[in-house]
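Me: Could you walk me through this structure, one small step at a time?
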Amino acid sequence: MDLKDLYQEIILDHGKNPRNLGKFDNYNKDAKGNNPLCGDNVHVYLRLNENKKVEDIAFEGHGCAISMASASIMTDMVRGKEEKEVKEIVTDFLGMIKEKDSLETKILKDDEKTKLMSLSGVKQYPMRVKCATLSWHTLTSALDNSDQIVKTED
Amino acid sequence: MNVDDIKKEFPIFDDKIQNNDLVYLDSANSSQKPRVVVDRIYDFYTKEFSNVGRSVHYLAVAATNLYEQTRVSVQKYINAKDKDEIVFTKGATEAINLVANTFGQKYLSEGDEVLLTELEHHSNYVPWHFLRKAKNIRIEFAEINDDGEVTLEAIEKKITNKTKIISVSHLSNVTGAILPIKQIVQLAHSKNIPVLIDGCQGAPHLKLDMQDIDCDFYAISGHKMYGPTGIGILYAKKKWLEDLPPYQGGGGMINEVKKEGITYGELPNKYEAGTMATAQVIAFNESIKFMEKIGIQNIEKHEKELLDYGLEKLRKNNSVNIIGNPKEKGGVISFTIKGVHPHDIATILDEDGVAIRAGHHCCQILHDKLNLPATARASFGVYNTKDDIDKLDEAINKCKKIFNL
């Protein structure tokens, strides 16, 4: 295990200055996620236009550097993508965090993949995986219009 | 007391953990186990095992005697009047649930109030919340002050003529505040209100005398007292155990069972339904003996020294903010570092073998009040040294470095 793999510069940067933090007015989908063990929470807001494209996305919440960075990078990455593409990215990301060595989706450019791979360090820290995945599960929940609050313990 | 010798009695410190010497600062969560306790479990299962209280064969009688010896040891350790006032449970959580359930059944009805404090662990809130749902009772919370303590006045302020029971912590697992429980009991009794003390953090660190404190109920966690998991103790005055209904039904707690009706067993069997955590109860006797051998006064003194040293050290460390400043405080230091989330602190400290806890420590009401989603917590046991605190301080500095503070 190496802390440098977990706390890479990009994570520390996004953790300290999360992008897309806040709430905007004309969102039409949103969902909440909780991590009951640590008390972290996230609320994802997004606007899907008539072409099913993510016009805007933001999040509110608080948590550790990993969870804030993950939400920050995620929101950056899915803005402008179609719902179908977003779901493919989410599946690919969750698969990478859980077992795969790399990202397979063709939707993301190489530099975007590199950015996402910066979160792969959590694989060595099983207790921290849920920090990285909470906002992603919450994004899926928002897209699916689920009223259920996402819990990492499920 | 010689800490180096005491530490040698704990096998967990024999080997490196992830290539580090273990700096275990999570005893408020659960303490490590001395060899005598671990060995006792092994010996019981390999040489003496039988179920207790049922069969008449040699092993059954011997096991029953061992089991009952722990009851007497606990009685003496906490200076209870009668051994029948000691009920074994699966933990302090079950002990509190037992009281909430049985007292609630018999004495609480709509509009009645249960008085807790803002610093209670979830295990001393959720069981009462069940009654809020089932019986429409109200739960009141005595407030903490700016130092993170609950004063006698804060309790008095919330007592009304509807208050039917008061249930408070002996020692806060977050701020370390030691509550004035003896005065709380005196005040409550002057108004005919019974008192339950959640002693999870009190019993491992403070001298206990049930007859002096005079509380009605006192809940103890075995695994925080250098004992096995799966065992807790409910101390209750005999009048309550005789008066309240049974908690769980099953074998061992009955007197006579007929199709038409059932009569219940005598104390303490009435509250010990089914096969109990026999090996753990028997091994817990070794935990008591272990603590008696060191002497609770020595444990208190040692942990106070560690606390003073730790507070001094961490106060000097820039960007560390210590939570609460109670006048009477046990060996718990909760803290935050501006700019670093407690979970990141815990992960980085762990890299150097420094085991702490991060989160809300099962005290969400308290963290809401403090307006903090989470804190980091270092807590002490008999095996900790000043060197452990130096290592904590060094690891905190490493944490600050990683986060460029």
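What follows is a set of questions and answers about this predicted model.

Me: Happy to start simply! How many helices and strands does chain A have?
Reply: Read along its sequence, chain A runs α-α-β-β-β-α-α-α-α-β. Tallying the two letters of that pattern gives 6 helices and 4 strands.

Me: Which radius of gyration does chain A have, and what does the globule rule give?
Reply: The rule works from the number of residues, 154 here. Chain A is as compact as a globular protein of that length, because its radius of gyration is close to the rule's value. The two values are 14 Å for chain A and 15 Å from the rule.

Me: What share of the residues in chain A is buried?
Reply: A residue counts as buried if 20 or more other C-beta atoms lie within 10 Å of its own. Applied to the 154 residues of chain A, that cut-off gives a buried share of 41%.

Me: Now for the other chain. What box do the C-alpha atoms of chain B fill?
Reply: Chain B holds 14 helices and 15 strands. Its radius of gyration is close to what the globule rule gives for 405 residues, so chain B is as compact as a globular protein of that length. Taken along the principal axes, the box is roughly 75 × 55 × 35 Å.

Me: In chain B, what share of the contacts with a separation of 6 or more comes from residues 24 or more positions apart?
Reply: Here the separation is counted in positions along the chain, and contacts with a separation of 6 or more form the whole. The part from residues 24 or more positions apart is 72%.

Me: How many residues of each chain are in contact with the other chain?
Reply: Start with the side of chain A that touches chain B: by class it has 10 nonpolar, 3 polar and 1 charged residues. Counting both sides of the contact gives 14 residues of chain A and 13 residues of chain B.

Me: Are helices α4 and α5 of chain B roughly parallel or roughly antiparallel?
Reply: α4(B) covers residues 92-107 and α5(B) covers residues 126-135, with their axes 9 Å apart. The angle between them is about 25 degrees, and angles under 35 degrees count as roughly parallel. α4(B) and α5(B) are therefore roughly parallel.

Me: Which residues of α5(B) meet α4(B)?
Reply: On the α4(B) side, the contact uses B:I96, B:N97, B:A100 and B:G104. The residues of this contact divide into 6 nonpolar, 2 polar and 1 charged. Across from α4(B), the partners in α5(B) are B:P127, B:W128, B:F130, B:L131 and B:K135.

Me: Which hand does the crossing of α11(B) and α14(B) have?
Reply: The axes of α11(B), residues 296-316, and α14(B), residues 386-402, come within 10 Å and cross at roughly 20 degrees. These helices are therefore roughly parallel to each other. Where α11(B) passes α14(B), the crossing is right-handed.

Me: Which residues of α14(B) make that contact with α11(B)?
Reply: α11(B) brings B:L306, B:Y309, B:G310, B:K313 and B:L314. With both helices included, the contact has 4 nonpolar, 1 polar and 3 charged residues. The α14(B) residues are B:K386, B:I389 and B:D393.

Me: One last residue: is B:D209 buried or partly exposed?
Reply: B:D209 sits in the loop between β6 and α8 of chain B. Around B:D209 there are 13 other C-beta atoms within 10 Å. A buried residue needs 20 or more, and an exposed one has 12 or fewer. B:D209 therefore falls in between and is partly exposed.

Conventions:
Residues numbered from 1 in each chain as written. Chains lettered and ligands numbered in written order. Predicted model: local features only at pLDDT ≥ 70, side-chain atom pairs only at ≥ 80, totals over all residues. Axes fitted to C-alpha atoms, helices over the stretch in contact; angles between N-to-C directions. Parallel < 35°, antiparallel > 145°, perpendicular 65-115°, else oblique. Left-handed = near helix turned anticlockwise from the far one by under 90°. Contact = placed C-beta atoms within 7 Å. Nonpolar A, V, L, I, M, F, W, Y, C, P; charged D, E, K, R; others polar. Rg over C-alpha atoms; globule rule 2.2 N^0.38 Å.
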